[in-house]
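I opened this structure for the first time today and kept notes as I went. The entries follow the order in which I looked things up.

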Amino acid sequence: MFKVYLSALPALVLFTLWQGLPFLLHLAIASISGLAFEAIVLKLRNKPVLPALQDGSVLLTAMLLVVCMPASMPWWLSIIGMFFAVVIAKQLFGGLGHNIFNPAMVGYAVLLISFPQYLTQWQVADAVTSATPLDLRQMGEYTASITWQPFQAILWINIAWALGGIFLIWQKLIDWRIPVSMLLAVVISSLLLQFFAANSLPLFWQLGFGATIVGAFYIATDPVTASTTHTGRWIYGSLIGVLMISIRQFSAYPDGLAFAIILANLCVPLIDNITSKR
Amino acid sequence: MSNSIKTLAIDGLWKNNPAIIQLLGLCPLLAVSNSLINALGLGLATLFVLVCSNSLIAITGRWVPDYLRLPIFVLFIASLVTIVQMLLAAYRFNLYESLGIFLALITTNCVILGRAEAYAAKNPLRFAIADGLLQGTGFLLVLVILGGLRELIGQGSLLHNAQDLFGPIAHNWGIYFNSDQSGFLLALLPPGAFILLGCLIALRNYLDLRKKSPAQLRSSS
């Protein structure tokens, strides 16, 4: 688990430089409340508390939840998100290893559905908040003349995530099939959309913004909720990619990663069942 | 099955509650429990239909041939639902609008047909009425608790639009805990209904388990 944090460190540092100290505050609140929820539920279930707190999975959930949300949000949002992530999505399904859905994405989806007003405004420069290009497209305000300059911090952070992910693959901590298949699916489906659909975003925006990169390397690869067979992982990754681009294009939400991951999680038992050798 | 009013009451309200033990009639339970007044309106309508259908079926039950009983019971229930629907459309039009299709769907509510089959057709009239009243109240209570919780969490109010059910006198009955009526939106959406109903069922099971002796509790957990 230590290597996972190490790989995420550059991106987290860039995030702090970009969003300022509130980001660290959110991270701390989410981590502490997540650990507290985990301890309370384990105590209620008469399970050993300390080993579960030390395995670091709650901290990873907290990190993945907080990096999905702008630091300008109110502080109590991360507590609600962690409650749904740890208590509802993880412990009620039986704790680590038994959860069907990715906890961080359940927490994020709950917040996105319930408090959309806080989750779509990102601080792009000092005291200037703006929607990201993905949000702009949703509001019908995206034009080809929007350049990436105001958003370059997001690009740098995504490059840091990608480097961290490649480090994880090199260390054999995650399976390369999931990120590769997911990114391939993103490229193919956004190119198709560009040819056939009006008002679609260029490939560069689809890859460089939103949660595409962090999702491909850090969220979709969660060993508990991802598919377990080689073929299954190809299917699982591509499913997430196609669903995410479709949700971005055709739904009312700017980014579709959380919903895509949750929907793909639902399919995992079926995928595993079909692709496992008997 | 014992025929005392007391066992009927324990069964309907707690031990065999239609909503959280038998898990019957979940569709209206989850769909219209997004505000206290909607829940109360639908609960009362269901209660009325249940009492009337139970008594009709207890009276006529012995003349209905066994192979025809389902269509006949459904016809009874559907006519009663039509009466309720017309009454609401005439006197409480706003409530009628906000309940929408779920008012008509009381016909297909399994609680009503279930009680007709399982109890009313085989028992004397006064017990059938008591059974309808108590099972209906059990359903109404769960509906109201769920509706109240969802309204409170989802938009920070209680009894919003009370005039829809109680008439102009109830114009200022609404209790508002925040001014702009924004809240935890998930509670108003279908997933919130499922999560909260799950919590209610868990709470009831917990209270039941606690009554058992500690040894039993340990063996069952």
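**Domains of chain A.** I began with the domain assignment, which divides chain A of this predicted model into domain 1 (1-119) and domain 2 (146-278). I then looked up the distance between the centres of the two domains, taken over C-alpha atoms, and noted 20 Å. Their contact takes 24 residues from domain 1 of chain A and 24 residues from domain 2 of chain A. On the side of domain 1 that touches domain 2, I found that α1 (2-19), α4 and α6 of chain A each supply at least two residues, and that α1(A) gives the most, with nine residues. Sorted by class, that side of domain 1 has 19 nonpolar, four polar and one charged residues.

**Chain A as a whole.** I wrote down 14 helices and two strands for chain A. Of its 278 residues, 46% are buried. Among the contacts in chain A with a separation of 6 or more, residues 24 or more positions apart account for 71%.

**α4 and α6 of chain A.** Having met α4(A) and α6(A) at the domain contact, I looked at how these two helices meet each other. Their axes come within 8 Å and cross at roughly 35 degrees, and the crossing is right-handed. On the α4(A) side the contact is made by Thr61(A), Leu64(A) and Leu65(A), and on the α6(A) side by Pro103(A), Ala104(A), Gly107(A) and Tyr108(A). By class, the residues of this contact divide into five nonpolar, two polar and no charged. As a reminder to myself, an α-helix has 3.6 residues a turn, so residues three or four places apart point the same way.

**α12 of chain A.** How many of the eight residues of helix α12 (residues 212-219) are buried? I counted eight of the eight, so this helix is largely enclosed by the rest of the structure. The buried residues are Thr212(A), Ile213(A), Val214(A), Gly215(A), Ala216(A), Phe217(A), Tyr218(A) and Ile219(A). I then checked what they pack against, and listed α4, α6 (103-114), α9 (152-170), α10 (177-196), α11 (203-208) and α14 (257-275) of chain A.

**Trp75(A).** I next followed a tryptophan in the loop between α4 (57-67) and α5 (76-91) of chain A. Is Trp75(A) buried or exposed? With 12 other C-beta atoms within 10 Å, Trp75(A) is exposed, because a residue counts as exposed at 12 or fewer. Leaving aside residues up to four places away in sequence, Trp75(A) touches Leu25(A), His26(A) and Ile29(A). I also noted that Trp75(A) and Phe23(A), although 52 residues apart in sequence, are 9.9 Å apart in space, C-alpha to C-alpha.

**Two positive phi values.** Most residues other than glycine have a negative phi, which led me to look for exceptions in chain A. Asn46(A) has a positive phi of about 55 degrees and lies in the loop between α2 (21-44) and α3 (50-54). Lys172(A) has a phi near 60 degrees, and its place is in the loop between α9 and α10. Asn46(A) is exposed, with 8 other C-beta atoms within 10 Å, and Lys172(A) is exposed with 8 other C-beta atoms within 10 Å as well.

**Chain B.** Turning to chain B, I found 11 helices and two strands, which follow the pattern α-α-α-α-α-α-α-α-β-α-β-α-α along the sequence. Its C-alpha trace spans about 60 × 55 × 25 Å along the principal axes. Chain B has a radius of gyration of 19 Å, which agrees with the value near 17 Å that a compact globule of 221 residues would have. Of those 221 residues, 37% count as buried, and residues 24 or more positions apart account for 77% of the contacts in chain B with a separation of 6 or more.

**Ile59(B).** My last residue lies in helix α3 (residues 36-60) of chain B. Ile59(B) counts as partly exposed, with 13 C-beta neighbours inside 10 Å. Between Ile59(B) and Ala128(B) I noted 69 residues in sequence and 9.4 Å in space, C-alpha to C-alpha.

**Where the chains meet.** I closed with the contact of chain A and chain B, which takes five residues from chain B and four residues from chain A. The side of chain B that touches chain A has five nonpolar, no polar and no charged residues.

Terms used. Residues are numbered from 1 along each chain as its sequence is written. Chains are lettered from A and ligands numbered from 1 in the order in which they are written. This is a predicted model: local features need pLDDT of at least 70, side-chain atom pairs count only at pLDDT 80 or more; totals for chains, interfaces and linings use all residues. Helices (H or I, at least four residues) and strands (E, at least two) are DSSP runs, numbered from the N terminus. A residue is buried if 20 or more other C-beta atoms lie within 10 Å of its own, exposed if 12 or fewer, and partly exposed in between; C-beta atoms are placed from the backbone. Two residues are in contact if their C-beta atoms, placed from the backbone, lie within 7 Å. Ala, Val, Leu, Ile, Met, Phe, Trp, Tyr, Cys and Pro count as nonpolar, Asp, Glu, Lys and Arg as charged, and the others, Gly among them, as polar. The radius of gyration is taken over C-alpha atoms; the globule rule is 2.2 Å times the number of residues to the power 0.38. Domain bounds come from an automatic or database domain assignment. Axes are lines fitted to C-alpha atoms, for helices over the stretch in contact, and angles run from 0 to 180 degrees between N-to-C directions. A crossing is left-handed if the near helix is turned anticlockwise from the far one by less than a right angle, and right-handed if clockwise.
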